[in-house]
Amino acid sequence: MKNIKGIVFTLLAFSAVFITGCYEEPNLLSEITTSKGKVPQISVVWIGTTRTTTANTSVVTGLTTAPGTTTNFNIEYTSEVPVKEFRVYWAPTASGTQTLVTSIPVGTQKYDATLRNYVLAVPITAQETSKTSRVFFAEIVSENGLVSAQRSATLTTN
């Protein structure tokens, strides 16, 4: 009887090892996400003709200027996929309704070896009213049709 109990116990132990060896853990991430491809990444946007930084090397994104002044809205970005176009919008506030300013096809950007980013300067004009602000937004459309996350900078008139 002891031999039979020992054999049954051994068989149960071996079967438990073999059964758990065949168990495949479900991949939860693959079940809830579907990759549609890579997207260009906007590092930073800033307004002005000169890129300035603070003491802790953060880029100063906004600008205060005279009403009606023309300046640049600069987009610094990286991309592992081909880019189709750049879009620039403006809105009266960060959450306001966006109006398309321009859509620029690829080819006008330049690679900056110091920044290790591509840079695109888009000419914009400040609003004619004093002491008002506009928020400018940038997004990049890749050739696979995917759109980057938007980045924004504020242009204020004095």
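Two strands pair if DSSP finds at least two bridges between them. Keep that in mind for this tour of a predicted model.

**Stop 1: the whole chain**

Colour by domain to begin. The assignment gives domain 1 as 3-32 and domain 2 as 33-157. Their centres, taken over C-alpha atoms, are separated by 56 Å.

**Stop 2: the open sheet**

Move to domain 2, residues 33-157. Show the open sheet of five strands, ordered E2-E9-E8-E4-E5. Its pairing is mixed. From one strand to the next, the twist averages 25 degrees.

Which strands stand at the edges? Select 63-65 for strand E2 and 99-105 for strand E5. Each has a single partner strand, so one side of each is left without a neighbour in the sheet.

**Stop 3: strand E4 and its partners**

Select 83-91, which is strand E4. Look first towards E5. E4 and E5 run antiparallel and are joined by six bridges. Glu85 stands opposite Pro105 in E5. Phe86 has Ile104 of E5 as its bridge partner.

Now look towards E8, residues 133-142. Eight bridges join E4 to E8, and this pair runs antiparallel. Find Tyr89: Phe137 in E8 stands opposite.

**Stop 4: a network of charges on E4 and E8**

Show the side chains of Glu85, Arg87 and Glu139. Salt bridges link these three residues in a network. Between Glu85 and Arg87, the closest N and O atoms are 2.9 Å apart. Glu139 and Arg87 meet at 3.3 Å, N to O. That second pair links distant parts of the chain: Glu139 lies in strand E8 and Arg87 in strand E4, 52 residues apart.

Are the acidic partners buried or exposed? Glu85 has 16% relative accessibility and counts as buried. Glu139 is buried too, with a relative accessible area of 8%. The cut-off for buried is under 20%. Arg87, at 24%, counts as partly exposed.

**Stop 5: a salt bridge between loops**

The structure holds four salt bridges. For another of them, select Glu80 and Lys38. Their closest N and O atoms are 2.6 Å apart. Where do the two residues sit? Glu80 is in the loop between E3 and E4, while Lys38 is in the loop between helix H2 (28-32) and E1. The pair links distant parts of the chain, 42 residues apart.

Turn on the surface here. Glu80 is exposed, with a relative accessible area of 67%. Lys38 is partly exposed at 49%.

**Stop 6: the nonpolar core**

Hide the charged side chains and go to the largest nonpolar core. How many residues does this core have? The count is 19. Select those with the most contacts inside the core: Val45, Ile47, Phe73, Ile75, Phe86, Val122 and Phe136. Phe86 is a residue you have met already, as the bridge partner of Ile104.

Next, colour the strands that give two or more residues to this core. They are E1 (41-47), E3 (70-78), E4 (83-91), E7 (117-125), E8 (133-142) and E9 (151-157).

**Last stop: Val122**

Centre the view on Val122. Which residues is Val122 in contact with, leaving aside neighbours within four places in sequence? Display Thr71, Asn72, Phe73, Ile75, Val88, Thr102 and Ile104. Phe73 and Ile75 are also on the list of core residues with the most contacts. Ile104 takes you back to the sheet, where Phe86 is its bridge partner.

Definitions and conventions: Residues numbered from 1 in each chain as written. Predicted model: local features only at pLDDT ≥ 70, side-chain atom pairs only at ≥ 80, totals over all residues. Heavy atoms only, no water. Core = buried A, V, L, I, M, F, W, Y, C linked by side-chain atoms within 4.5 Å. Buried < 20%, exposed > 50% of the residue type's maximum accessible area, 1.4 Å probe, protein only. Helix = DSSP H or I, 4+ residues; strand = E, 2+ residues; numbered from the N terminus. Contact = heavy atoms within 4.5 Å. Domains from an automatic or database assignment. Axes fitted to C-alpha atoms, helices over the stretch in contact; angles between N-to-C directions.
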